[in-house]
Amino acid sequence: MQKDVAIIGLGCAAYTAAIYTARYKLDTLIVGEEEGGMGVTAAEVGNWPGEVEINGPDLMDKFKNHALSYDLVEHKIARVESVIKNDEGFTLTYQNGETSTAKTVLFATGSNKRHLGVTGEEEFAGKGVTYCATCDAFFYRGKTVAVLGGGDSAVEGAAIAAQVAEKVYLIHRRNEFRAEPFWVDKVNEKDNIEFVLNTNVLEIVGEQTVTGIKLDKPFNEEEVLPVNGVFIEIGSLPATALPKEMGCDLDEKGHIKVDSGMQSSIPGIFGAGDVTNGSNRFAQFTTAAGEGAVAANSIFGYLQSGDGHSGAMG
Ligand SMILES: Cc1cc2nc3c(=O)[nH]c(=O)nc-3n(C[C@H](O)[C@H](O)[C@H](O)COP(=O)(O)OP(=O)(O)OC[C@H]3O[C@@H](n4cnc5c(N)ncnc54)[C@H](O)[C@@H]3O)c2cc1C
């Protein structure tokens with residue numbers, strides 16, 4: 001049966017949107033590949049209002065349980081391979097060839113971790129090279145690791161890794177971090193974190209697993225820094241393959257261009273969360289949730305009057 005809305009994603013923006021669409025009594029499908037999305041990789045969340053401190057997996061469990069408490073929300077775990085316009089709305093096709101149809105679609109597909117693009121990165125992926133320090137640090141108890149990057153994920157990742165690893169190198173191509181001062185203070189407090197600034201990694205070397213990283217300038221007189229693990233935390237790229245294929249307008253950084261109602265350039269297609277250019281591209285739980293709520297409101301308005309700009313209250 002055709003749904004009122006298909007929400008693609010199982011992260012913060014998607015679950016929030018589903019809570020709102022269910023309360024607007026819209027028949028809702030929420031479908032995604034990975035439950036909890038990026039949120040489950042946050043080790044410690046201190047800026048979700050109402051929770052002084054909560055870990056990412058617990059927060060996302062709460063989101064999911066809240067969204068699924070409504071009978072009108074159908075939950076599906078699958079990768080969406082295509083979204084195509086049909087006479088009455090849109091058809092979603094999954095990896096196994098099955099399909100769903102919906103009158104409107106909300107892309108809440110988040111982002112994918114950026115790769116470094118150096119020799120050895122692909123060869124040692126999963127053999128010492130990973131893209132989530134907070135998820136994988138546990139496997140490096142007593143070892144030496146390098147965390148690459150200077151933003152929130154890198155600095156938080158280094159702080160978490162330092163709780164288990166013997167030694168952590170935090171390697172950044174610039175001379176200061178862009179991360180929240182809260183996390184910069186945390187890494188400054190750790191004796192086992194050493195900063196390697198103004199430095200690029202040229203190559204990841206190893207045998208069966210990673211044994212070191214080649215730098216563009218010597219550090220402590222070493223050109224190859226011996227490490228057992230490399231956590232690449234150099235940012236993310238919006239997951240816009242599907243909206244791009246449909247012809248949605250994207251901004252210069254590849255995010256879905258949305259208006260203040262989270263409507264894309266294609267009528268009936270909306271976006272919310274890290275995948276959009278909304279909220280000044282400030283990728284956070286609060287902004288993803290806010291955009292999910294606004295999108296649901298606009299979808300309700302669109303289904304009532306064909307106008308996604310006014311929303312239900314407009
Ligand atoms: C290490 C780390 C720590 C963080 N800490 C904080 C913090 O303390 N505070 C804070 O506010 N923010 C934090 N963030 C940012 C926050 O996690 C994100 O901004 C937020 O989770 C984004 O939610 P989203 O719903 O937009 O996307 P995501 O959570 O990325 O969800 C995207 C969803 O789309 C699905 N998907 C993508 N493509 C497809 C497809 N083709 N088919 C099916 N499903 C698909 C994915 O499987 C996933 O379920 C942190 C991020 C990281 C990486």
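**Entry 1. Strand S15 and its partners**

I looked up the pairing of S9 with S15 in this predicted model: the two strands run parallel and are joined by 4 bridges. For Val145 I noted the bridge partner in S15, which is Gly229. I then checked strand S8, residues 129-130, and found that S8 pairs with S15 in the parallel sense over 2 bridges. Here Val129 has Val230 as its bridge partner in S15.

I next asked which way the residues of S15 point. Gly229 and Phe231 point one way from the strand, and Val230 and Ile232 point the other way. All four are listed as buried.

**Entry 2. Helix H4**

How many of the 10 residues of helix H4 are buried? I found 8 of them buried, so the helix, residues 152-161, is largely enclosed by the rest of the structure. The buried residues of H4 are Ala154, Val155, Glu156, Gly157, Ala158, Ala159, Ile160 and Ala161. I note that Glu156 is among them.

I then looked up what these buried residues pack against. The helices are H3 (133-136) and H5 (181-189). The strands are S9 (144-148), S10 (167-171), S11 (193-196) and S15 (229-232). S9 and S15 from the first entry, the parallel pair with 4 bridges, thus both appear in the packing of H4.

**Entry 3. The ligand**

I went through the shell around the ligand, which holds 34 residues. Glu34, Met38, Val80, Asp274 and Phe285 come nearest.

For polar atoms I wrote down three distances. A backbone N or O atom of Glu34 is 2.7 Å from an oxygen atom of the ligand. In the side chain of Asn47, an N or O atom lies 2.9 Å from a nitrogen atom of the ligand. A backbone N or O atom of Ala283 is 3.4 Å from a ligand oxygen atom.

On its own the ligand has 1,000 Å² of accessible area, and the protein covers 92% of that. Helix H1 (12-23), H4 and helix H7 (285-305) are the elements that give two or more residues to the shell. H4 is also the helix I had recorded as largely enclosed.

**Entry 4. Ser111**

I checked Ser111, which is found in strand S7, residues 111-113. Is Ser111 buried or exposed? Its relative accessibility is 18%, so Ser111 counts as buried, the cut-off being under 20%.

Leaving aside neighbours within four places in sequence, I listed the contacts of Ser111 as Met38, Ser236, Leu237, Pro238, Ala239 and Asp274. Met38 and Asp274 also stand among the residues that come nearest to the ligand.

**Entry 5. Glu180**

I placed Glu180 in the loop between S10 and H5. Both of these elements are on the list of what the buried residues of H4 pack against. At 36% relative accessibility, Glu180 counts as partly exposed.

Not counting residues up to four places away in sequence, Glu180 touches Asn47 and Asp152. Asn47 is the residue whose side chain I had noted at 2.9 Å from a ligand nitrogen atom. I also took a C-alpha separation: Glu180 and Thr211 are 31 residues apart along the chain and 31 Å apart in space.

**Entry 6. The sheet S12-S13-S14**

I looked up an open sheet of 3 strands, ordered S12-S13-S14, with antiparallel pairing. Strand S12 (201-206) and strand S14 (222-226) are its edge strands, each pairing on one side only. Direction ignored, neighbouring strands of this sheet are turned by 30 degrees against each other on average.

S12 pairs with strand S13, residues 210-219, over 5 bridges in the antiparallel sense. Ile204 stands opposite Ile213 in S13. On the other side, S13 and S14 run antiparallel and are joined by 4 bridges, with Phe219 opposite Glu222 in S14. What joins S13 and S14 in sequence is a hairpin with 2 residues between the strands. Asn220 in that turn has a positive phi of about 50 degrees.

**Entry 7. Phe90**

Last I checked Phe90, which has its place in strand S5, residues 90-94. Phe90 counts as buried because its relative accessibility is 1%. From C-alpha to C-alpha, Phe90 and Pro49 are 35 Å apart in space, with their positions 41 residues apart in sequence numbering.

Notes: Residues numbered from 1 in each chain as written. Predicted model: local features only at pLDDT ≥ 70, side-chain atom pairs only at ≥ 80, totals over all residues. Heavy atoms only, no water. Buried < 20%, exposed > 50% of the residue type's maximum accessible area, 1.4 Å probe, protein only. Contact = heavy atoms within 4.5 Å. Pairing = 2+ DSSP bridges. Axes fitted to C-alpha atoms, helices over the stretch in contact; angles between N-to-C directions. Near = heavy atom within 4 Å. Polar contact = N/O pair within 3.5 Å; in protein donor to acceptor, adjacent residues only side chain to side chain. Areas by Shrake-Rupley, 256 points an atom, 1.4 Å probe, with all protein chains shown as cover.
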